[in-house]
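Visitor: I should like to learn how to read features of a protein model, one at a time. May we begin with the way strands are matched to one another?

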Amino acid sequence: MPVNRDRRSNSVAFVDINETRRNSADPGDNRRGSEPFAYDNPTLVASSSNLHDNFNGYIAQRTHMAGSNNFTEIDDTHPSHTPYSHKIKAVCSLAKKKLNGVWTKKTLYKRFPILRWMPPYKTDDAIGDLLAGVTVGLTVIPQALAYANIAGLPTQYGLYGSFLGCLLYIFLGSCKDVPVGPTAVAALLTFQSLGGKGIEHAILLCFLTGVVQILMGLFGLGFLIDFVSGPVSSGFTSAAALIIVTSQMKDLLGIEASGNTFVDTWKSLFHDIHHVRLWDTILGVICIVILLLLRMVAQINIGRTEAPTKSDRIINKSLWVFGTSRNAILVVLCGIIGYMFCRNGEPPFLVIGTVPQGLPDFKLPPFGFSKEINGTTVVTTFVQMISDLGSGIIVVPLVGILENISICKAFANGKPIDPTQELIAIGTANLLNSFVQSFPGTGSLSRSAVNNASGVRTPLGGLYTGVLVILALLFFTPYFYYIPKATLAAVIIAAVVFMVEVKVVKPMWRSKKSDFFLGIVTFVSCLVLPLEQGILIGIGINLVYVLYHAARPKISVEKLFSRGGTEYLLLTPDRCLIFPSTDYVRNLVTKHSIRQGIPVVIDCSHIYGADYTAATVIESITSDFASRDQPLLFYNLKPSVSSVFEGLSPKDFVVFYNHDEVDELLKNRSCIKKQMEIMD
């Protein structure tokens, strides 16, 4: 067979066996006829005979994937050019282009979503946002007081973190339903990260949480939350709910207890159980029952569902408002009861006590501080504070954004979510919240549900929530003194008990038992160990699962006959070839090929990616097959994968795209090898 000796390069060569030679890429090459054509690399020896039909599309696709071939010529001999001058100019030009890209209209609208929804803002939107914002404000005030208790901080710090984040989210937030502020999980993680260190560490943790989240957003690291799978998230959330309930039992029973884990807290509770205060327990239990009943009231619908009358709608809306505002109603009523008892002497139950009135000072977070203990001044440096916070600096931001993204997805109605924008929004909120002495916060699922059900139209609903919290700090904090601690404990218990995801256990067991095992391990780890260590264990085991499946692709083995009666072995890997799986694949291919001793075809239809290690393995495999004089063919190899393999110029690398050509390729294999020997 004639060979085109003039078209040689150092890349890969496809040789068409039967078809006429394609036009030469060289305009000056006028040769025509039946010469076979080669495309790069003298070691890649064959393609199917029907390659001519799709060859141009194949090359076009590879060219598109490879990028632009445009080059800029730089004359280094010009006297104005120093060895680095053109490099500096190139860097400056690139930086200028990047900066110009940042300040485009599209980018501004993306990073400041208020520019999209504010121009068409209408009166109906304002009414919906007002009602929703006030309703959420009535919910967040009692919750904030209780969440500060979970974090182990004075009550007022919960309110400090409940207004500025709401206001900032109006400009940066991409989800209308998210009210930013303290949450039960964030408060619990703060408590475990602090380890009893005090408010200075909590404020610094808030600052660092914001910094980490902003950096993640700027560097596009929102994808990291994808490594937290559903089972890990369910196990973590359920464990956190039980730990939060456990942490509130001390106020429900009126006793002293402490502990960083579920087990330690229960040990402390049993140790002090003989000091139970009866009236605190009775009041707490009654409050929990009332809250659960009012929760059911909010779900009552009177009249016809499809076409309710006007009176039915008014009644249903009133019941919903009454049930939704249950926390605020109960706290006010119990505060009145506490006030009446305090007027007549010592109340029979524990109350919150004095809450400082007024807004917090706007100042830098503490990057080190000093305290006087027993007449001795103890200085704590910034480095020591970082060391004290430990892994909480990473875990708190990750869990915070995970919680927020989950809320956005729940209320997105199928619309895409921008994790980068949410990272920037929540990170900025935490960063500036640290200037008003707050601990870390994020979006709250319970308040988001209230916000959505209240008919919120835009993020502007956060304005009214923030204003309500500010008014509470300015005028109502003296009345918080009389609120019973058992009531706040009941508010938290009645809210987080529904976070235990019991309903996913049965479907998870039926769907995939390994996922069920992963959820259980995460759940138990979070209960026994500190929460941040528990979720890291869950994520770690999940990554081991992912790496194991990547390292052990399934390969189907079939012994088939071609149309011409040639027997061959078809091996079909089900996923990409990357470094953890290469040795495993090589051993399987070698074992089956030696055992059968017949031609081997590797179906690459499911191989969508490869790396350098895989390329070295392919080079080794093709070399082994060539030394045994055993045919090896690659079917339907994608261009992006082929380019990786071609980089090492594997020996006898045969690729084809039509199963009907197996006979022809095997028949002409000796002829092709002879061609390549001549070319070499």
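Guide: Let us start with a single bridge of this predicted model. Tyr 635 has Phe 656 in strand 9 as its bridge partner. Strand 8 and strand 9 (residues 654-656) run parallel and are joined by 3 bridges.

Visitor: How many bridges pair strand 7 with strand 8, and in which sense?

Guide: Two strands count as paired if at least two bridges are found between them. Strand 7 (residues 600-603) and strand 8 have 4 bridges, in the parallel sense. Within this pairing, Val 600 stands opposite Leu 632 of strand 8.

Visitor: Which way do the side chains of strand 8 point?

Guide: In strand 8 (residues 632-635), Leu 632 and Phe 634 point one way, while Leu 633 and Tyr 635 point the other way. All of these residues are buried, a term for a relative accessible area under 20%.

Visitor: What do the helices beside these parallel strands contribute to the path of the chain?

Guide: The unit to look for is strand, helix, strand, together with its handedness. Strand 7, helix 25 (residues 612-627) and strand 8 make a right-handed β-α-β unit. Another right-handed β-α-β unit is made by strand 8, helix 26 (residues 639-646) and strand 9.

Visitor: In what order do the strands of the open sheet lie?

Guide: The order is 5-6-7-8-9, in an open sheet of 5 strands with mixed pairing. Strand 5 (555-561) and strand 9 are the edge strands, each pairing on one side only. On average, neighbouring strands of this sheet are turned by 25° against each other, direction ignored.

Visitor: Which strands of the sheet run antiparallel, and how many bridges join them?

Guide: Strand 5 and strand 6 (residues 567-573) run antiparallel and are joined by 7 bridges. Two partners in strand 6 may serve as examples: Thr 572 is the bridge partner of Ser 556, and Leu 571 is that of Val 557. The hairpin of these two strands has 5 residues between the strands, and Gly 565 takes a positive phi near 90° there.

Visitor: Why should one look at the sign of phi in other residues as well?

Guide: Because most residues other than glycine have a negative phi, a positive value in such a residue deserves a look. Here, Gln 437 has a positive phi of about 60° although it is not a glycine. Gln 437 is found in the loop between helix 17 (419-433) and strand 4 (442-443). Asp 629, also not a glycine, has a positive phi of about 55°, and this residue lies in the loop between helix 25 and strand 8.

Visitor: Are Gln 437 and Asp 629 buried or exposed?

Guide: Gln 437 has a relative accessible area of 10%, so it is buried. Asp 629, at 51% relative accessibility, counts as exposed.

Visitor: How many salt bridges are found in the whole structure?

Guide: A search of the whole structure finds 8 salt bridges. One of them joins Arg 111 and Asp 418, whose closest N and O atoms are 3.4 Å apart. Arg 111 lies in helix 3 (residues 105-111) and Asp 418 in the loop between helix 16 (392-410) and helix 17, so this pair ties together parts that are 307 residues apart in sequence. Arg 111 is partly exposed, with a relative accessible area of 24%, and Asp 418 is partly exposed at 22%.

Visitor: How far apart are the closest N and O atoms of Arg 277 and Asp 280?

Guide: They are 2.9 Å apart in the salt bridge of this pair. Arg 277 is partly exposed, with a relative accessible area of 30%, whereas Asp 280 is buried at 1%. The side chains of Asp 251 and Lys 250 also meet in a salt bridge, at 3.6 Å from N to O, and Asp 251 is buried, with a relative accessible area of 9%.

Visitor: Which residues make the nonpolar surface patch?

Guide: Leu 359, Leu 463, Val 467, Leu 471, Leu 474, Phe 475, Phe 476 and Tyr 479 make a nonpolar surface patch of about 720 Å². Leu 359 lies in the loop between helix 14 (326-343) and strand 2 (368-373). At 42% relative accessibility, Leu 359 counts as partly exposed.

Technical notes:
Residues numbered from 1 in each chain as written. Predicted model: local features only at pLDDT ≥ 70, side-chain atom pairs only at ≥ 80, totals over all residues. Heavy atoms only, no water. Patch = residues over 30% accessible without salt bridge, like charges linked within 9 Å, V, L, I, M, F, W, Y side chains within 5 Å. Areas by Shrake-Rupley, 256 points an atom, 1.4 Å probe, with all protein chains shown as cover. Salt bridge = Lys/Arg side-chain N within 4 Å of Asp/Glu carboxyl O. Buried < 20%, exposed > 50% of the residue type's maximum accessible area, 1.4 Å probe, protein only. Right-handed = clockwise from strand over helix to strand, strands pointing away. Axes fitted to C-alpha atoms, helices over the stretch in contact; angles between N-to-C directions.
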